[in-house]
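Here is a short set of exercises to work through with the model open beside you. Try each one yourself before reading its solution.

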Amino acid sequence: MKNSITLEEAQSLVFDHCSLMESERVDLKESFGRVLFEDLAAQENIPPFARSPYDGYAFRAQDTEQASLKNPVILSIIDEVPAGYTSAYTVESGTAVKILTGAPIPEGADAVIKFEETVILENQIKITAAYQPGENIVPAGEDVKRGTRIASQGTAITSPIMGLIAAIGQEDIAVYKIPKIAIISTGDELVDISEPLIPGKIRNTNCYTLFGYIQSIGAVPLIIGTAKDRKEEIAALIERGLNQADMVLTTGGVSVGDYDMVSRAMEYLGANLLYKKIEIKPGSATAAAVKDGKLILGLSGNPSAALTNFHLVAVPFIKKMAGRTNYLNEKIEVTLKKDFKKESPRRRFLRGRLVFEEGISMMEPTGGQGNGILSSMIGCNILTEVPGGSGPKRSGEKLAAYLIG
Ligand SMILES: Nc1nc2c(c(=O)[nH]1)N[C@H]1C(S)=C(S)[C@@H](COP(=O)(O)OP(=O)(O)OC[C@H]3O[C@@H](n4cnc5c(N)ncnc54)[C@H](O)[C@@H]3O)O[C@H]1N2
Ligand code: MOO
């Protein structure tokens with residue numbers, strides 16, 4: 001077991017114990033946000049045939065080689081092809097087929113003229129300019145060529161990917177199963193929303209905040225319950241969580257106090273403790289263990305300490321387990337919009353919002369930075385890093401930040 005490690009060491013220790021979810025097949029309509037278990041390639045060209053992007057006439061470009069205002073070319077209309085149909089005729093020299101937007105280019109034709117650019121005579125059209133082969137023709141495979149990869153394994157399915165899956169005619173897709181995440185709250189002081197708030201007690205907020213965040217990353221939260229500060233009670237709930245879910249999150253009871261029982265409960269269960277304490281602020285109070293191949297991550301009771309760890313350790317882990325190949329928080333550079341007056345003897349993460357001002361990425365703090373403050377998580381979409389050993393930071397200074405969510 002390691003004590004007091006860096007964030008990166010903690011991430012690498014938990015990633016080493018990450019088993020990817022198995023696969024299942026889902027209907028296309030159920031696939032939004034699911035993670036692809038297979039590479040998707042186009043078996044056919046999209047679109048499948050060369051088509052007209054305009055309402056007009058299809059003809060042979062060669063017929064118009066000498067065409068000009070003074071020397072117009074007259075072509076006979078031999079057929080009409082609306083979208084959804086094909087023409088039975090072959091366009092020979094001197095002929096044209098009336099074509100509607102989206103219809104396949106008839107055999108023999110290699111150019112299209114828009115209605116408004118022709119003079120329409122009875123059963124004939126007049127063309128007064130030369131057209132090049134391929135002009136006004138959308139080739140087969142313009143969007144995606146046969147054999148091209150549309151999306152890779154490990155990608156979360158987005159709306160355009162859904163559309164392209166439809167384009168290749170796949171009704172169902174292999175995806176990773178959705179991970180279930182157990183949430184356990186610990187602390188004698190906690191009461192749930194339905195219970196009276198008697199002196200000395202506080203409402204359990206962590207459980208609901210985590211519930212929402214877990215849903216927001218496409219995993220399924222399971223509230224297992226609240227344990228008093230007794231290692232046996234916590235261990236029993238962790239055991240239940242391990243039986244029902246793919247990973248267990250606890251909150252509270254991970255610091256050094258007499259009642260901080262979570263790591264003791266992990267040991268009591270026979271779990272393999274990976275680490276205690278990460279060198280970050282907030283969120284140093286934490287512990288991680290593995291049992292039955294599943295991760296048990298002990299988060300702090302303090303809401304922002306818990307959420308800093310959640311976003312920097314638990315979320316990448318859950319995304320990785322869910323099959324995502326892009327599971328790490330994206331790192332960007334931001335300019336501080338306001339001073340941060342405190343010193344940071346230890347590496348610190350500030351809660352804020354990414355805003356753009358005159359093209360510059362700025363960090364606007366979302367509120368108080370104390371480790372017990374939850375309200376500054378509202379609107380927070382980046383955690384900005386103040387390196388350990390820093391003095392106060394002034395507005396205008398540039399810092400690294402991690403996108404969360
Ligand atoms: N002597 C020391 N004391 C503390 C240290 C230390 O290094 N030496 N570290 C402090 C830091 S930093 C933190 S963070 C906390 C971590 O404490 P725990 O993670 O063990 O959490 P608790 O003590 O159980 O609770 C802390 C705080 O959060 C409230 N809480 C707990 N659960 C919930 C919940 N589900 N919803 C809302 N709020 C919750 C709890 O009532 C406490 O106020 O330790 C410091 N102490
Ligand atoms: O140790 Mo606390 O978890 O930094 O805020």
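**Exercise 1.** How far does a polar side-chain atom of Asn204 lie from a nitrogen atom of ligand 1?

*Solution.* First, some ground rules: this is a predicted model, in which local features need pLDDT of at least 70 and side-chain atom pairs count only at pLDDT 80 or more, while totals for chains, interfaces and linings use all residues. Residues are numbered from 1 along each chain as its sequence is written, chains are lettered from A and ligands numbered from 1 in the order in which they are written, and side-chain values use heavy atoms, with hydrogens and water left out.

Now find the side chain of Asn204: one of its polar atoms lies 2.8 Å from a nitrogen atom of ligand 1. Next, go to Thr205, where a polar backbone atom is 3.1 Å from a nitrogen atom of ligand 1. Then turn to Ser300, whose side chain places an N or O atom 3.0 Å from an oxygen atom of the ligand. Each pair is a polar contact (here, N or O atoms within 3.5 Å). Finally, look at the wider shell: ligand 1 has 21 residues around it (a heavy atom within 4 Å), and those that come nearest are Glu189, Asn204, Gly253, Val254 and Ser255.

**Exercise 2.** Which residues are around ligand 2?

*Solution.* Start by listing the shell: Lys281, Pro282, Gly283, Ser284, Ala285, Ala305 and Asn371. Sort them by class and you get 3 nonpolar, 3 polar and 1 charged. The classes work like this: Ala, Val, Leu, Ile, Met, Phe, Trp, Tyr, Cys and Pro are nonpolar, Asp, Glu, Lys and Arg are charged, and the others, Gly among them, are polar.

Then check the backbone. A backbone N or O atom of Gly283 lies 3.0 Å from an oxygen atom of ligand 2, and a polar backbone atom of Ala285 is 3.0 Å from an oxygen atom of this ligand. Asn371 brings in its side chain, with a polar atom 2.9 Å from a ligand oxygen.

Last, inspect the peptide bond from Lys281 to Pro282: it is cis, with omega near -10°. Pro282 sits in the loop between strand E17 (272–278) and strand E18 (287–291); strands are DSSP runs of at least two residues (E), helices of at least four (H or I), numbered from the N terminus.

**Exercise 3.** At what angle do helix H1 and helix H6 pack?

*Solution.* Take H1 (residues 7–15) and H6 (residues 303–321): the angle is about 30°, and the axes are 10 Å apart. Axes are lines fitted to C-alpha atoms over the stretch in contact, with angles from 0 to 180 degrees between N-to-C directions. H1 is therefore roughly parallel to H6, a label for angles under 35 degrees.

Next, pick out the contact (heavy atoms within 4.5 Å). H1 supplies Leu7, Gln11, Val14 and Phe15, and H6 supplies Leu312, Val313, Pro316, Phe317 and Lys320. By class, these are 7 nonpolar, 1 polar and 1 charged.

**Exercise 4.** How does helix H3 cross H6, and at roughly what angle?

*Solution.* The axes of H3 (residues 206–216) and H6 come within 11 Å and cross at roughly 25°. That makes H3 roughly parallel to H6. In the interface, Asn206, Thr209, Leu210, Tyr213 and Ile214 of H3 meet Pro303, Leu307, Phe310 and His311 of H6. Here the split is 6 nonpolar, 3 polar and no charged.

Note on methods. A polar contact is a pair of N or O atoms within 3.5 Å; within protein, one must be able to donate a hydrogen and the other to accept it, and residues adjacent in sequence count only if both atoms are side-chain atoms. Angles under 35 degrees count as roughly parallel, over 145 as roughly antiparallel, 65 to 115 as roughly perpendicular and the rest as oblique.
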